[in-house]
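The following exercises are to be worked with the sequence and the coordinates at hand. Each task is followed by a solution in steps.

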Amino acid sequence: MTVDEIKTGVVIDHIEAGKAMEIYRFLGLDKLDCPIAIIKNALSKRMARKDIIKIDHDEMIDLRVLGYIAPNVTVNVIENGKIVKKFHPELPEEIVDIVKCKNPRCITSTEQELSHIFKLTDKENHVYRCIYCESKAKN
Amino acid sequence: MRHLIGIEDFSNEEIDSLIATAEDIIADPKKYSEVCHGKKLATLFYEPSTRTRLSFEAAMMELGGGVLGFSEAQSSSAAKGESVADTAKVISCFADIMVMRHFKEGAPMVASLNSTIPVINAGDGGHNHPTQTLADLLTIKREKGRLDNMVIGLCGDLKFGRTVHSLISAMSRYTGIKFILISPDELKIPSYIKDEVLDKKGIPYEETASLDEAMPKLDVLYMTRVQRERFFNEQDYIRLKDSYILTPEKLVNAKKSLSILHPLPRVNEISVGVDKDPRACYFKQVLNGKYIRMALIKFLLEEAGK
């Protein structure tokens, strides 16, 4: 299968096989009108199978949420057809409306149009807690 | 705008300063009798509360201020479906400071994000109750003369007790503190308190099911109620309930300098016979609660005026 190389944009590599669509949704890529390629179950020496997302987009996309949903992926920033930056996403300090607070006693369960905001409280163990009730974030 | 939503909103220095103000109020209440003249405290109690609401109202009155508010959700605009955010915006037009008790965890924080006046959390479900913690700290300070270097026993329901979690968090800031956590297996302290507070800060603690064994080591004993509804079966409750009822006999091996605290209301976990013991501090704790709330209202209003 051939997918054209991108000139300027981002390639998210080493996505756990089967998780590409989830990342696509979390990053809000459905709202972009640029060419996007989603490659599922590609062969990988390191992971046996992996997913890849290629985004052909001039402007930098907000990728902070990747650190929460897929911290092990590799992000390649492409300019003029060359990789100019390669990194693993860092854990974001705050995630907004990515996960919902599951505590039925939390104010988010009743208050209208209240964003579900979680703050990083334990970097080592990747723990995020609801800013309102301090419940742990669960996917 | 400063608010008090959780005890961690205040630094050690600010807590020490509130305690100092409260002690000064106790020493000379007249000096403070007009400091909130012309100011209004709104009490927004979506859940019934006797002591906390009256304590806040008495505190504001003794500072020379006025009080308005409601004491149950049914008599508020919440019954018509108004959001907490909107209520906070509306109350900001009428009062200078607001106190909120709500059955939903995080409701006072939502209010603080939408308010133009200081918000005090007076209890949000099973989550936070920071002014109770301030009352506990003032009581310990007045009884012991210090807030460091002591062994604190927390007894009873350590799993669901919000006052216990806040007190651990607050006392963990001081040096030389050791906790003895006394509870049945079913009601042990949640692991996140151990992981994220005690272990993270290197605070020593012991867990035991025996109040008798812990008793001689304690400088402070903080009692809470073991509630029947927390148990999966009746036999376990019956087996355990009496072990956590404090009686004069259980105090035989306790230190003479022990201070016994309880956030109240008490049901039967401290027998009435203990009330006469000079080590019983739980009614002084109620009075201290009023004084620390006076100090808090004064502090937040001053901050808002800056």
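**Exercise 1. Identify where an arginine lies over an aromatic face, and give the distance from the ring centre.**

Solution. Arg293(B) lies over the face of Phe56(B), at 5.0 Å from the ring centre. The criterion is that NZ of Lys or CZ of Arg is within 6 Å of the ring centre and within 35 degrees of the ring normal. Another such case is Arg129(A), which lies over the face of Tyr192(B) at 4.7 Å from the ring centre.

The model is predicted: local features need pLDDT of at least 70 and side-chain atom pairs count only at pLDDT 80 or more, whereas totals for chains, interfaces and linings use all residues. Residues are numbered from 1 along each chain as its sequence is written, chains are lettered from A and ligands numbered from 1 in the order in which they are written, and side-chain values use heavy atoms, with hydrogens and water left out.

**Exercise 2. Place Arg129(A) in its sheet.**

Solution. Step 1: Arg129(A) belongs to β8(A), where it stands opposite Lys119(A). Strands here are DSSP runs of E with at least two residues, and helices are runs of H or I with at least four, numbered from the N terminus.

Step 2: β7 (residues 117-122) of chain A is joined to β8(A) by 4 bridges, and the two run antiparallel. Two strands pair if DSSP finds at least two bridges between them.

Step 3: the open sheet has 3 strands in the order β6-β7-β8 (chain A), with antiparallel pairing. Because β6 (94-96) and β8 (127-130) of chain A each have a single partner strand, they stand at the edges, and one side of each is left without a neighbour in the sheet. Neighbouring strands of this sheet are turned by 30° against each other on average, direction ignored; the axes are lines fitted to C-alpha atoms.

**Exercise 3. Trace the neighbours of strand β8 (residues 220-223) of chain B.**

Solution. Step 1: the chain B sheet is open and parallel, with 5 strands in the order β7-β6-β5-β8-β9. Its edge strands are β7 (205-208) and β9 of chain B, each pairing on one side only. The twist averages 15° from one strand to the next.

Step 2: on one side, 4 bridges join β8(B) to β5 (residues 150-155) of chain B, in parallel. Ile152(B) has Val220(B) as its bridge partner.

Step 3: 3 bridges join β8(B) to β9 (residues 259-261) of chain B, also parallel. Here Val220(B) is partnered by Ser259(B), and Tyr222(B) stands opposite Leu261(B).

Step 4: Val220(B) and Tyr222(B) point one way from β8(B), Leu221(B) and Met223(B) the other way, and all are buried. Buried means under 20% relative accessible area, with a 1.4 Å probe and protein chains only.

**Exercise 4. Test the length of helix α5 (residues 130-144) of chain B and assess its burial.**

Solution. Step 1: the expected span is 1.5 Å times one less than the number of residues. For the 15 residues of α5(B) this gives 21 Å, and the end C-alpha atoms are 21 Å apart, which agrees.

Step 2: because 12 of the 15 residues are buried, α5(B) is largely enclosed by the rest of the structure. Among the buried residues are Leu134(B), Leu137(B), Leu138(B) and Ile140(B).

Step 3: Gly145(B) follows α5(B), with a positive phi near 80°.

How values were computed
Buried means under 20% relative accessible area, exposed over 50%, partly exposed in between (1.4 Å probe, protein chains only). Axes are lines fitted to C-alpha atoms, for helices over the stretch in contact, and angles run from 0 to 180 degrees between N-to-C directions.
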